[in-house]
Amino acid sequence: MSRKVLLGNASEVPQGGLKAFDAEGTSVLVARIGDRYCAVQNRCPHLGLPMTTGKLEGNAVVCPWHGSRFDMCTGQNLDWVRGVLGLTLPGWSRRIIALGKQPEGVRAYAVTEEEGKLYIELP
Ligand code: FES
(Lines give C-alpha, C1' and ligand atoms only; values in the text may rest on other atoms or scores of the structure.)
Protein backbone atom coordinates (compact mmCIF):
# COMPACT_ATOMS: atom_id res chain seq x y z
CA MET A 1 0.00 0.00 0.00
CA SER A 2 1.47 3.37 -0.99
CA ARG A 3 1.64 6.40 1.24
CA LYS A 4 1.71 10.10 0.52
CA VAL A 5 4.99 11.74 1.55
CA LEU A 6 5.76 15.45 1.80
CA LEU A 7 8.76 16.58 -0.26
CA GLY A 8 8.87 20.30 0.46
CA ASN A 9 7.83 23.65 -0.94
CA ALA A 10 7.02 23.90 -4.62
CA SER A 11 8.79 27.28 -4.69
CA GLU A 12 12.11 25.50 -4.08
CA VAL A 13 12.00 23.95 -7.56
CA PRO A 14 13.42 26.43 -10.08
CA GLN A 15 11.78 26.79 -13.49
CA GLY A 16 14.08 25.01 -15.95
CA GLY A 17 16.10 23.40 -13.15
CA LEU A 18 16.19 20.52 -10.70
CA LYS A 19 15.82 20.19 -6.96
CA ALA A 20 16.62 17.15 -4.82
CA PHE A 21 14.42 16.35 -1.82
CA ASP A 22 14.62 13.69 0.84
CA ALA A 23 11.45 11.59 1.06
CA GLU A 24 11.80 9.48 4.20
CA GLY A 25 15.34 8.44 3.28
CA THR A 26 14.78 8.22 -0.48
CA SER A 27 16.43 10.96 -2.51
CA VAL A 28 14.01 12.28 -5.12
CA LEU A 29 14.81 14.66 -7.95
CA VAL A 30 12.04 17.07 -8.98
CA ALA A 31 11.66 19.28 -12.05
CA ARG A 32 9.03 21.80 -12.96
CA ILE A 33 8.10 21.19 -16.57
CA GLY A 34 5.63 23.72 -17.88
CA ASP A 35 2.87 23.89 -15.30
CA ARG A 36 3.44 20.49 -13.70
CA TYR A 37 6.01 18.78 -11.51
CA CYS A 38 7.77 15.51 -12.34
CA ALA A 39 9.95 13.40 -10.07
CA VAL A 40 12.34 10.47 -10.35
CA GLN A 41 14.52 8.59 -7.93
CA ASN A 42 17.78 10.50 -7.56
CA ARG A 43 19.99 7.52 -8.27
CA CYS A 44 21.39 6.89 -11.74
CA PRO A 45 21.02 3.19 -12.64
CA HIS A 46 24.42 3.19 -14.36
CA LEU A 47 26.58 3.42 -11.21
CA GLY A 48 24.04 4.33 -8.57
CA LEU A 49 25.30 7.91 -8.27
CA PRO A 50 23.10 10.94 -7.47
CA MET A 51 21.99 13.23 -10.31
CA THR A 52 21.52 16.30 -8.10
CA THR A 53 23.99 18.37 -10.15
CA GLY A 54 22.63 17.15 -13.49
CA LYS A 55 21.07 19.41 -16.10
CA LEU A 56 17.50 19.58 -17.27
CA GLU A 57 17.25 19.37 -21.08
CA GLY A 58 13.61 19.73 -22.08
CA ASN A 59 11.81 16.99 -20.13
CA ALA A 60 15.01 15.03 -19.44
CA VAL A 61 17.62 15.01 -16.72
CA VAL A 62 21.18 14.51 -17.90
CA CYS A 63 23.29 12.57 -15.41
CA PRO A 64 26.33 14.70 -14.50
CA TRP A 65 28.69 11.71 -14.43
CA HIS A 66 28.44 10.01 -17.83
CA GLY A 67 25.61 11.82 -19.61
CA SER A 68 22.82 9.25 -19.52
CA ARG A 69 19.44 10.94 -20.02
CA PHE A 70 16.14 10.06 -18.38
CA ASP A 71 12.64 11.38 -18.95
CA MET A 72 11.73 13.22 -15.74
CA CYS A 73 8.04 12.32 -16.01
CA THR A 74 8.24 8.63 -16.98
CA GLY A 75 11.77 7.64 -15.88
CA GLN A 76 12.43 6.15 -19.32
CA ASN A 77 16.07 5.99 -20.40
CA LEU A 78 16.57 8.21 -23.46
CA ASP A 79 20.34 7.92 -23.90
CA TRP A 80 22.83 5.68 -22.13
CA VAL A 81 26.37 6.71 -21.08
CA ARG A 82 27.26 9.46 -23.58
CA GLY A 83 30.68 10.38 -22.17
CA VAL A 84 32.45 11.67 -19.09
CA LEU A 85 31.76 14.86 -17.17
CA GLY A 86 30.07 16.61 -20.07
CA LEU A 87 32.40 15.42 -22.85
CA THR A 88 30.70 13.28 -25.50
CA LEU A 89 32.79 10.24 -26.45
CA PRO A 90 32.71 7.85 -29.46
CA GLY A 91 30.59 4.70 -29.28
CA TRP A 92 33.44 2.26 -28.55
CA SER A 93 34.58 4.17 -25.46
CA ARG A 94 30.98 4.66 -24.33
CA ARG A 95 30.62 0.87 -24.24
CA ILE A 96 33.74 0.62 -22.04
CA ILE A 97 32.44 3.27 -19.64
CA ALA A 98 29.08 1.49 -19.50
CA LEU A 99 30.93 -1.42 -17.82
CA GLY A 100 28.64 -3.94 -19.46
CA LYS A 101 25.52 -2.42 -17.92
CA GLN A 102 22.49 -2.31 -20.19
CA PRO A 103 20.27 0.77 -20.48
CA GLU A 104 17.78 1.02 -17.66
CA GLY A 105 15.23 3.61 -16.59
CA VAL A 106 14.76 5.23 -13.21
CA ARG A 107 11.71 5.02 -10.96
CA ALA A 108 9.29 7.87 -11.60
CA TYR A 109 6.87 9.20 -9.00
CA ALA A 110 3.57 10.98 -9.42
CA VAL A 111 3.79 14.45 -7.86
CA THR A 112 0.88 16.38 -6.44
CA GLU A 113 0.88 20.01 -5.33
CA GLU A 114 -1.38 21.15 -2.53
CA GLU A 115 -1.26 24.67 -1.12
CA GLY A 116 2.30 25.19 -2.31
CA LYS A 117 3.59 21.86 -0.98
CA LEU A 118 4.77 18.92 -3.11
CA TYR A 119 3.91 15.31 -2.32
CA ILE A 120 4.75 11.95 -3.87
CA GLU A 121 3.40 8.46 -3.39
CA LEU A 122 5.97 6.00 -2.03
CA PRO A 123 5.33 2.26 -2.16
S1 FES B 1 26.44 7.40 -13.15
FE2 FES B 1 24.91 8.26 -14.44
S3 FES B 1 25.59 7.86 -16.42
FE4 FES B 1 27.14 6.99 -15.14
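Is M1 buried or exposed? I looked this up first, bearing in mind that the model is predicted. M1 is exposed, at a relative accessible area of 98%.

**Entry: the start of the chain**

I placed M1 in the segment before β1, the strand that spans 3-9. Setting aside residues up to four places away in sequence, I found that M1 touches L122 and P123. I also took a C-alpha separation for M1 and V30: 23 Å, with their positions 29 residues apart along the chain.

Next I went to G8, which sits in strand β1. G8 has a relative accessible area of 11% and is therefore buried, the limit being under 20%. Beyond its neighbours within four places in sequence, G8 is in contact with F21, G116, K117 and L118. From G8 to P45 I noted 25 Å, C-alpha to C-alpha, for a pair 37 residues apart in sequence.

**Entry: the loop between β4 and β5**

I then looked at P45, which is found in the loop between β4 and β5. Its relative accessibility is 14%, so P45 counts as buried. Which residues does P45 contact, leaving aside its neighbours within four places in sequence? I listed F70, W80, K101, E104, G105 and V106. For one of these, G105, I also have a C-alpha distance: P45 and G105 are separated by 7.0 Å, although they stand 60 residues apart along the chain.

H46 is in this loop too, with β4 at 36-41 and β5 at 55-57. I found H46 buried, with a relative accessible area of 2%. Where does the side chain of H46 reach? It reaches the backbone oxygen of I97, at 3.0 Å. I97 also appears among the contacts of H46 outside its neighbours within four places in sequence, together with H66, W80, V81, A98 and K101. W80 and K101 are contacts of H46, and W80 and K101 are also contacts of P45.

**Entry: cysteines**

How many disulfides does a search of the whole structure find? I got one. This disulfide joins C38 to C73, with an S to S distance of 2.0 Å. The two cysteines belong to distant parts of the chain, 35 residues apart: C38 is in strand β4, and C73 is in the loop between β7 (69-71) and β8 (77-79). I noted the link of C38 and C73 as right-handed, with 75° about the S-S bond.

I checked burial for three cysteines. C38, one end of the disulfide, is buried at a relative accessible area of 3%. C44 is buried at 3%. C63 has a relative accessible area of 5%, and I entered C63 as buried.

**Entry: the largest pocket**

C63 led me on to the largest pocket, which has a volume of about 200 Å³. Which residues of its lining are the closest to the centre? Of the 17 lining residues, these are V62, C63, G67, R82 and G86. I then asked which elements give two or more residues to the lining. They are β5, β9 (83-84) and β10 (87-88). By residue class, I divided the lining into seven nonpolar, seven polar and three charged.

**Entry: positive phi**

I looked at backbone angles with one expectation in mind: most residues other than glycine have a negative phi. L99 departs from this, with a positive phi of about 55°, and is not a glycine. I located L99 in the loop between α1, residues 91-97, and β11, residues 108-109. Is L99 buried or exposed? L99 is exposed, because its relative accessible area is 58% and the limit is over 50%.

E115 is another case, also not a glycine, with a positive phi of about 50°. E115 lies in the loop between β12 (111-114) and β13 (117-122). At a relative accessible area of 83%, E115 is exposed.

**Entry: looking back**

I closed by going back over the loops. The loop between β4 and β5 holds P45 and H46, and I have P45 as buried and H46 as buried. The positive phi residues L99 and E115 also lie in loops, L99 after α1 and E115 after β12, but I have L99 as exposed and E115 as exposed.

Notes
Residues numbered from 1 in each chain as written. Predicted model: local features only at pLDDT ≥ 70, side-chain atom pairs only at ≥ 80, totals over all residues. Heavy atoms only, no water. Helix = DSSP H or I, 4+ residues; strand = E, 2+ residues; numbered from the N terminus. Buried < 20%, exposed > 50% of the residue type's maximum accessible area, 1.4 Å probe, protein only. Polar contact = N/O pair within 3.5 Å; in protein donor to acceptor, adjacent residues only side chain to side chain. Contact = heavy atoms within 4.5 Å. 1 Å grid on protein atoms, 1.4 Å probe; cavity = no way out; pocket = protein on both sides within 12 Å on 5 of 7 lines; lining within 4 Å. Points joined across faces, edges and corners; volume = space filled by probe spheres on them. Nonpolar A, V, L, I, M, F, W, Y, C, P; charged D, E, K, R; others polar. Disulfide = S-S within 2.5 Å.
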